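This report covers one helix and a set of charged side-chain pairs. The sequence and the structure are shown first.

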Amino acid sequence: PCTLFSDGVVLTHLVRVLSYHKCAQLDTIQNAPKTAAAKRNNVRKVLDYLRTEKKTLVDYVFLEDVIVSGDLRAVILVLRALRTTYRNHITTPTMSR
């Protein structure tokens, strides 16, 4: 399994960096969740933020469960959705010669 986003902490920090602004909704996550319920709650908060503020990831009903379980396809799905949502905020490094 891919546990990169399974507790919601890394996903939250990634969204904060991409958003370029403070978000009170994301400030309430637990930085070191110990239980599965706390991890699921963190993931739910960041997905709710993306659904309401950024209008993305709305069609995936059980997405939080598969992210917490570490499903690699779910992680790839989230990364692709973030790339699409924040397309204008992500710059590709250019190589100088």
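A salt bridge is taken here as a side-chain nitrogen of Lys or Arg within 4 Å of a carboxyl oxygen of Asp or Glu. The model is a predicted one. By the rule just given, the count comes to five salt bridges, and three of these are described below.

**Salt bridges**

The side chains of Arg-51 and Asp-48 meet in a salt bridge, at 3.3 Å from N to O. Arg-51 and Asp-48 are three residues apart in helix α2, so about one helical turn separates them. Arg-51 is buried, since its relative accessible area is 18% and the cut-off for buried is under 20%. Asp-48, at 30%, counts as partly exposed.

A second pair is formed by the side chains of Arg-16 and Asp-27. Arg-16 lies in helix α1 and Asp-27 in the loop between α1 and α2, so this salt bridge ties together parts that are eleven residues apart in sequence. Both partners are partly exposed: Arg-16 has a relative accessibility of 25%, and Asp-27 has 38%.

The side chains of Glu-64 and Arg-44 also meet in a salt bridge. This pair links distant parts of the chain, with Glu-64 in helix α3 and Arg-44 in helix α2, 20 residues apart. Glu-64 counts as buried at 12% relative accessibility, whereas Arg-44 is partly exposed at 32%.

| Salt bridge | N to O distance |
|---|---|
| Arg-51 and Asp-48 | 3.3 Å |
| Arg-16 and Asp-27 | 3.2 Å |
| Glu-64 and Arg-44 | 2.9 Å |

**Helix α4**

Helix α4 spans residues 72-85, a run of 14 residues. From its first C-alpha to its last, α4 reaches 20 Å, close to the 20 Å expected at 1.5 Å a residue. At the N-terminal end, Asp-71 acts as the cap of α4: one of its side-chain oxygens lies 2.7 Å from the backbone nitrogen of Arg-73.

Which residues of α4 are buried? They are Ala-74, Val-75, Val-78, Ala-81 and Leu-82. These residues lie on the same side of α4, because they cover an arc of only 130° around the axis. The buried residues of α4 pack against α1 (9-19), α2 (36-53) and α3 (63-69). On the face of α4 turned away from the buried side are the exposed residues Arg-73, Arg-80 and Arg-83. Arg-73 thus appears twice: its backbone nitrogen is the partner of the Asp-71 cap, and the residue is exposed on that face.

Methods:
Residues numbered from 1 in each chain as written. Predicted model: local features only at pLDDT ≥ 70, side-chain atom pairs only at ≥ 80, totals over all residues. Heavy atoms only, no water. Helix = DSSP H or I, 4+ residues; strand = E, 2+ residues; numbered from the N terminus. Expected span 1.5 Å × (residues − 1). Buried < 20%, exposed > 50% of the residue type's maximum accessible area, 1.4 Å probe, protein only. Arc of directions from axis to C-beta. Contact = heavy atoms within 4.5 Å. Polar contact = N/O pair within 3.5 Å; in protein donor to acceptor, adjacent residues only side chain to side chain.
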